[in-house]
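These are notes for a colleague who is opening this structure for the first time. Please read the numbered points with the sequence and the model side by side.

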Amino acid sequence: MTEKEVRESLLEAFVIKSTVKQNVYDNTMQTFNLLKKVLKQLEENYLSKIKNDVPSAVLPEFKERGAFEAEFKIGGDLLIFSMHSNVFEFDDKHPVWNTDYLKEDPLRSYCGTINIYNFLADSFKYNRVNDLGYLVARIFINKEKHFFVEGKRQTEEVVKDFAQDTISPGILRQIVETAIQYCIEFDLLVPLYDQVKIATVDQMNQKMSFSKMITGKRLGFGFKTDDV
């Protein structure tokens, strides 16, 4: 191959890959905007079914936090939905490479990502910057708007086939409600005594001012992919 042919080949590969990545980004942004509509509708549906005597602090609340983030608060739990602005490819050990869908077209492996995190609502209310949150699910979307989900209780309930599943409002609601159910059932546990028996003066000063001692639902406990 001549030097000119090499340059042309590299340029063609660059154009193809860049076009695919832009397509993936556009699909992910469209999906995230659709997700925000689903969250807003979910807030309205939940509020319409809740009786008037329920304390306002536990009512569901949806908020947009800019182009790439949104939140859904329900009771003491805060779910943050975050779209990454970059496009990713899976490492060569990921099981997605075993599918015929990717073997037929490796460019289908480029995906945008929407992450769902679970925090305590009080962590943001009281600006406890050291508190812990947990990734409970992440949605991958490719150039063809096909998707799959990794996360707590998501796999068997939602994901059937990367080659077949495409994004829809109903699917997104299913993903969100599965995440909400997991977060509600994932309770705050008392940390192990030995991990909180010593505190610094700064921690106590901050605690008295802003209640900033580190808190998390499983502080001091392992948080694994199979946690229930």
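1. One term is needed at the start: a polar contact is a pair of N or O atoms within 3.5 Å, and within protein one of the two must be able to donate a hydrogen and the other to accept it. The side chain of T31 makes a pair of this kind, reaching the backbone oxygen of N27 at 2.8 Å. T31 belongs to helix α1, which covers residues 3-49. The model is a predicted one.

2. Is T31 buried or exposed? T31 is buried, because its relative accessible area is 2% and the cut-off for buried is under 20%. Apart from neighbours within four places in sequence, T31 is in contact with I114, I141, I167 and L172.

3. T28 is also found in helix α1. A polar atom of the T28 side chain lies 2.8 Å from the backbone oxygen of V24. T28 counts as buried, because its relative accessibility is 1%. With residues up to four places away in sequence left out, T28 touches M83, G112, T113, I114 and I141. I114 and I141 are thus listed for T28 and listed again for T31.

4. On confidence, the mean pLDDT of the protein chain is 81, and 75% of its residues reach 70 or more. Over residues 219-228 the pLDDT is below 50, and this stretch has 24 contacts in the model beyond near neighbours in sequence.

5. The protein chain has seven helices and six strands. Read from the N terminus, its elements follow the order α-β-β-β-α-β-α-β-β-α-α-α-α. Of the 228 residues in the protein chain, 37% are buried. When contacts between residues at least 6 apart in sequence are considered, 64% of them join residues at least 24 apart.

6. How are the strands arranged? Six strands form an open sheet in the order β1-β2-β3-β4-β5-β6, and the pairing is antiparallel. β1 and β6 are the edge strands, each pairing on one side only. From one strand to the next the twist averages 15°. As background, strands of a sheet pair through backbone hydrogen bonds, either parallel or antiparallel.

7. The start of the sheet can be followed strand by strand. Strand β1 (residues 61-64) runs antiparallel to β2 and is joined to it by four bridges. One bridge partner to look for is E71 in β2, which pairs with K63. Four residues lie between the strands of this hairpin, and G66 there takes a positive phi near 110°.

8. Strand β2 (residues 69-74) has five of its six residues buried, so this strand is mostly covered. β2 pairs with strand β3 (residues 77-83) in the antiparallel sense over six bridges, and K73 stands opposite L78 in β3. The hairpin of β2 and β3 has two residues between the strands, and G75 in the turn has a positive phi of about 65°.

9. A positive phi also appears at K145, about 65°, although K145 is not a glycine. Most residues other than glycine have a negative phi. K145 lies in the loop between β5 and β6. With a relative accessible area of 31%, K145 is partly exposed.

10. Which residues of the largest nonpolar core touch the most other members? They are F72 and F81, in a core of 33 residues. Elements that each supply at least two residues of this core are α1, β2, β3, β4 (112-120), β5 (134-141), β6 (147-151) and α5 (169-185). The largest share, eight residues, comes from α5. A second, separate core of eight residues includes F90, Y101, L102 and F162.

11. For F81, leaving out residues up to four places away in sequence, the residues touched are F32, L35, L39, F68, E69, A70, F72, N115, I116 and V176. Helix α5 lies across β2, β3, β4, β5 and β6, and runs at about 140° to β3.

How values were computed: Residues are numbered from 1 along each chain as its sequence is written. This is a predicted model: local features need pLDDT of at least 70, side-chain atom pairs count only at pLDDT 80 or more; totals for chains, interfaces and linings use all residues. Side-chain values use heavy atoms; hydrogens and water are left out. Buried means under 20% relative accessible area, exposed over 50%, partly exposed in between (1.4 Å probe, protein chains only). Two strands pair if DSSP finds at least two bridges between them. pLDDT is the predictor's confidence in each residue, from 0 to 100. Contact means heavy atoms within 4.5 Å. A nonpolar core is a set of buried Ala, Val, Leu, Ile, Met, Phe, Trp, Tyr and Cys residues joined through side-chain atoms within 4.5 Å. Axes are lines fitted to C-alpha atoms, for helices over the stretch in contact, and angles run from 0 to 180 degrees between N-to-C directions.
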